[in-house]
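Me: I'm new to this one. Can you walk me through it?

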Amino acid sequence: MRTQVGIIGAGPAGLFLAHLLKQKGIESIVLEAKSRDYVEGRVRAGVLEASTIDVMDRLGLGDRMHREGLVDEGLDMRFRGRTIHLDLPDLTGRSVMIYGQQEVVKDLIAARLAAGDPLHFEAPVSRLAGLDSASPQIHYAENGEEKVLTCDFVAGCDGFHGVSRACVPEDLMKVYHHAYDFAWLGVLARARPLSDMTYSNSDRGFALCSRRSMQVSRLYLQVPSTERLEDWSDDRFWDELHQRMFDDDRSEVAEGEIFQRDMAHLRAFVATPMHYGRLYMAGDAVHIVPPAGAKGLNMAVADARVLAAALARYYRDNTSEMLDSYTDRCAERVWKTIRFSTALTGLLHRFSDQTEFQRELQLSELEYISGSRAAQQSIAEQYVNLSNVDI
Ligand code: FAD
Ligand code: DHB
């Protein structure tokens, strides 16, 4: 089998890339290790930045998002029992959209299959060969058979645990990594959500009340990374959430049936360069942000946009100029996003080694933000549109 661009992974990075390439007349084949049900059921991020909303629209894939997604105009930060309300349209002229990552993925998969374009599920890639040649090969398995896809370029969109990053010689790649000793315990509950996305920094740790619909809340608690999901009964979860949201009389945060739970360990990670030979990587394969700020999905979309533009330039003008500068074109945005997500993590969480002095500084920063429109604007503009790319 042969194609122009072989894409490994049907997460946001791989699926957006496939659609963007198609729009530019470039053919691709997507190989995904897991089943369609598994990929569409994976609960992850939920916030689409303004530029991601625009890309969905430009691809003609925004109908269901506009019908079922929730436009989110407010970002609240709670501390000392008070709330800082950031009015996003007032501060930035834009808002974000709450629309689960698995809904985005469902829309992209449905459109790709409806158009008859190749997307192979349960087709795990085992290794890559000939990356420094003009015809790299992707070795994968399908229906118990070993197969090879030969292409002009390989797009490694296979997430943090994928195979593509491991194909870059160690001495050519620099890795920056910071692991936190806590995780986010996330649940979906059939419960009326708060009207605004609300982050809380309480003495007991971080909490976040988000939503997926007017009937479904998406709720998170900071927990030690050694914690196990089964140690969190529903009662324990609600007790802790009320306390961390300063809702001691339990009148504000509505409870309901918890029907999904997951645990996300926090880390910041950057691998650079993002390309080697004819392999170009995008999304979690080359960078992970801690989830505060909700950037992971949006970053993956931004990488896909830059890569699609560079490949289009190659095929149109027969020049690798944009491909050669792919990492450089992404690096500034990637580091700004790591910086924002890390800063928000530092502002909103409790740390095991935090001294009383550091705790006072953290609360004082929240006091400053509370009284400064300039500080609020700085957070709001990064929250709403840090992943925009000038393409
Ligand atoms: P992925 O979504 O990981 O997609 C990679 C795909 O490649 C997967 O479908 C995988 O099955 C496939 N693959 C891997 N190896 C192979 C192989 N060898 N062959 C073929 N296919 C392969 N971000 C937020 O902003 N907010 C959140 O609340 C949030 N929660 C998260 C919770 C979890 C548990 C995780 C893991 C991530 C979360 N993120 C969150 C991050 C966000 O979901 C990711 O940044 C986003 O999914 C990145 O998209 P991607 O396409 O780069 O990678
Ligand atoms: C959600 C996830 C995030 O990481 C975040 O910062 C805000 C909201 C969510 O899943 O809704």
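**Around the ligand and into the cores**

Me: Which residues come nearest to ligand 1?
Reply: Bear in mind that this is a predicted model. The surroundings of ligand 1 hold 32 residues. Those that come nearest are Gly 9, Gly 11, Gly 159, Gly 283 and Gly 296.

Me: Which class has 17 residues in the shell around ligand 1?
Reply: Let's sort that shell by class. Charged residues number 7 and polar ones 8. The class with 17 is nonpolar.

Me: Which helices and which strand each supply at least two residues of that shell?
Reply: The strand is S16, covering 257-272. The helices are H1 (12-23) and H8 (296-317).

Me: Which element gives the most to the largest nonpolar core?
Reply: That core has 78 residues, and Leu 17, Ala 155, Ala 282, Ala 304 and Leu 307 touch the most other members. With 11 residues, the top contributor is H8.

Me: What does Ala 282 contact, leaving aside its neighbours within four places in sequence?
Reply: Start with Ala 13, Leu 17, Ala 155 and Cys 157, which are among its contacts. Ala 282 also touches Ala 300, Asp 303, Ala 304 and Leu 307.

Me: How many residues are in the second, separate core?
Reply: Its members include Phe 79, Phe 206, Ala 207 and Trp 238. The count for this core is 27.

Me: Which are the edge strands of the open sheet ordered S3-S7-S4?
Reply: This sheet has 3 strands with antiparallel pairing. S3 is joined to S7 (residues 96-98) by 2 bridges, and Leu 48 sits opposite Met 97 in S7. The strands that pair on one side only are S3 (47-48) and S4 (70-72).

Technical notes. Residues are numbered from 1 along each chain as its sequence is written. Chains are lettered from A and ligands numbered from 1 in the order in which they are written. This is a predicted model: local features need pLDDT of at least 70, side-chain atom pairs count only at pLDDT 80 or more; totals for chains, interfaces and linings use all residues. A residue is near a molecule or strand if its C-beta atom, placed from the backbone, lies within 6 Å of it. Helices (H or I, at least four residues) and strands (E, at least two) are DSSP runs, numbered from the N terminus. Ala, Val, Leu, Ile, Met, Phe, Trp, Tyr, Cys and Pro count as nonpolar, Asp, Glu, Lys and Arg as charged, and the others, Gly among them, as polar. Two strands pair if DSSP finds at least two bridges between them. A nonpolar core is a set of buried Ala, Val, Leu, Ile, Met, Phe, Trp, Tyr and Cys residues joined through C-beta atoms within 7 Å. A residue is buried if 20 or more other C-beta atoms lie within 10 Å of its own, exposed if 12 or fewer, and partly exposed in between; C-beta atoms are placed from the backbone. Two residues are in contact if their C-beta atoms, placed from the backbone, lie within 7 Å.
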